[in-house]
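Open the model in your viewer and keep the selection panel at hand. The stops below go from one selection to the next.

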Amino acid sequence: MANRNELIPQWLECLRREMQHELAQYPSPMEVDTLFLGGGTPTHLATDQLSALFQLLAAFFRPAIDAEISIEANPDGLTKEKLELLSAHGVNRISLGVQSFQIRELEILERTHTPADATNAVCLAAEYINSVGVDLIFAVPGQTTSTWDDSLKTAISLPIHHISTYGLTWEQGTPFFRRQAQGKLQKAPEDLECAMYLNAISLLRQNGFEHYEVSNFAKPGRRCRHNLVYWHAQEYFAFGPGAARYVNGHRSTNCRSVVRWIRQWTRGLPCLEPEDLPDTHDRAREAVMLGLRLREGFLLDVFERQFGVALENLAGPALKRSLDRGLTEITGNRLRLTDAGLLIADTVVSDFLVDD
């Protein structure tokens, strides 16, 4: 809701209506193991609005005793007062959109915070929240292995428990894609991007971070439990503009337009994106894609019990290709990416999504 603060009261009311509608057949409040506030910057809300949001959540959800309650935030605008409020409402994990600790790279990424802002936000958050994570981006135009390593080393030196590393995406329709087309930005060479990723794996492992998912690293006991639900193809609810859920074997996504979503729920009507209804085999293939993102991979017998089909019967040719090329391996009863497969993970997993 950037630049549309006047919509926040309506957004909160429509969020209540959506939850009431979607959860009508479930006990209220429903006990949950994880609760994740994201899909933007929830901490953009004013303190009283944040408080109203948590009161709304409490009407529908009751966190289990050991629940993980996460929130996304940007370094700028994260105040002591907001952190006190988050802590008082049980938030025990925060993910900060730092992206880089280099001023030039932050300018290219069009971020409004400085490296000092990011460092201060991490340290302040650690005073109130048990687990602090940051997102970092590599393959930024003009970035070098040296500046990337400097950002990683800065993160390692701070009270950070979880680091997500993402290569800069150039999807059509994004600002970076447009700036590239205009000749204002140039993509990093593929070999440089690969070197940066390998540097991150090596440096973070050396400093006590477990590489537990293609893009994610965590100190022992600090993996993101909510995201593990996605990667294990388990079910979850989601609410708000653009929210994607997986309930009763069915995936659906809310419309992304905040204005349209509010307009629909003001009338008491859901606002969903058009979708194709997947069959069991589609869901199974998607589970392969998600499971292979985990460094430990997934158990083949559990997969067969969950979807009623053995992987070799579902995607035998793709499985054989990946094994023969040394991109995946089966250890015991577990299929996982090899180190070679990790470097082209998207290519490997996409092969399992196509019928031969």
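Select Ala139, in the loop that runs between strand 4 (131-138) and helix 6 (145-157). This is a predicted model. Ala139 is not a glycine, yet its phi is positive, at about 65°. Is Ala139 buried or exposed? With a relative accessible area of 3%, Ala139 is buried.

Move on to helix 6 and pick Trp148, which lies in it. The relative accessible area of Trp148 is 0%, so this residue counts as buried. Now show what surrounds the side chain. Apart from neighbours within four places in sequence, Trp148 is in contact with Leu136, Ile137, Phe138, Gln143, Thr165, Met196 and Ala200. Take Leu136 from that list and draw a C-alpha to C-alpha distance to Trp148: it is 9.1 Å, for two residues twelve places apart in sequence.

Next, select Glu110, in the loop between helix 4 (103-108) and helix 5 (115-128). Glu110 also is not a glycine and has a positive phi, here about 60°. For background, most residues other than glycine have a negative phi, and most peptide bonds are trans.

The peptide bond to inspect is the one joining Ser28 and Pro29, which is cis, with omega about -5°. Pro29 sits in the loop between helix 1 and strand 1 (30-37).

From there, display helix 1 (residues 8-22) together with helix 2 (residues 47-60). At what angle do helix 1 and helix 2 pack? The angle is about 5°, and the axes are 11 Å apart. Since angles under 35 degrees count as roughly parallel, helix 1 is roughly parallel to helix 2. To see the contact, show Ile8, Trp11, Leu12, Leu15, Arg16, Met19 and Gln20 on helix 1, and Gln49, Ala52, Leu53, Leu56, Leu57 and Phe60 on helix 2. Coloured by class, this contact of helix 1 with helix 2 has ten nonpolar residues, two polar and one charged.

Now turn to the cysteines. How many disulfides does the structure hold? There is one, formed by Cys255 and Cys271, whose sulfur atoms are 2.1 Å apart. The link of Cys255 and Cys271 is right-handed, with 110° about the S-S bond. Cys255 is in the loop between strand 9 (250-253) and helix 10 (258-266), while Cys271 is in the loop between helix 10 and helix 11 (280-291), so the pair ties together parts that are 16 residues apart in sequence. Both Cys255 and Cys271 are buried. Add Cys14, which is in no disulfide: the nearest cysteine sulfur belongs to Cys271 and is 10 Å away. Cys14 counts as buried, at 2% relative accessibility. Cys224 is buried as well, with a relative accessible area of 0%.

The last stop is the largest nonpolar core, which has 88 residues. Which of its residues touch the most other members? They are Phe61, Ile94, Leu96 and Leu311. Centre on Leu311 and ignore neighbours within four places in sequence: Leu311 is then in contact with Val288, Phe298, Leu300, Phe303, Gly316, Leu319, Leu335 and Phe352. Apart from the largest core lies another, of eight residues, including Ile108, Ile137, Val140 and Leu185. Ile137 was on show earlier, as one of the contacts of Trp148.

Terms used. Residues are numbered from 1 along each chain as its sequence is written. This is a predicted model: local features need pLDDT of at least 70, side-chain atom pairs count only at pLDDT 80 or more; totals for chains, interfaces and linings use all residues. Side-chain values use heavy atoms; hydrogens and water are left out. A nonpolar core is a set of buried Ala, Val, Leu, Ile, Met, Phe, Trp, Tyr and Cys residues joined through side-chain atoms within 4.5 Å. Buried means under 20% relative accessible area, exposed over 50%, partly exposed in between (1.4 Å probe, protein chains only). Contact means heavy atoms within 4.5 Å. Axes are lines fitted to C-alpha atoms, for helices over the stretch in contact, and angles run from 0 to 180 degrees between N-to-C directions. Helices (H or I, at least four residues) and strands (E, at least two) are DSSP runs, numbered from the N terminus. Angles under 35 degrees count as roughly parallel, over 145 as roughly antiparallel, 65 to 115 as roughly perpendicular and the rest as oblique. Ala, Val, Leu, Ile, Met, Phe, Trp, Tyr, Cys and Pro count as nonpolar, Asp, Glu, Lys and Arg as charged, and the others, Gly among them, as polar. A disulfide is a pair of cysteine sulfur atoms within 2.5 Å.
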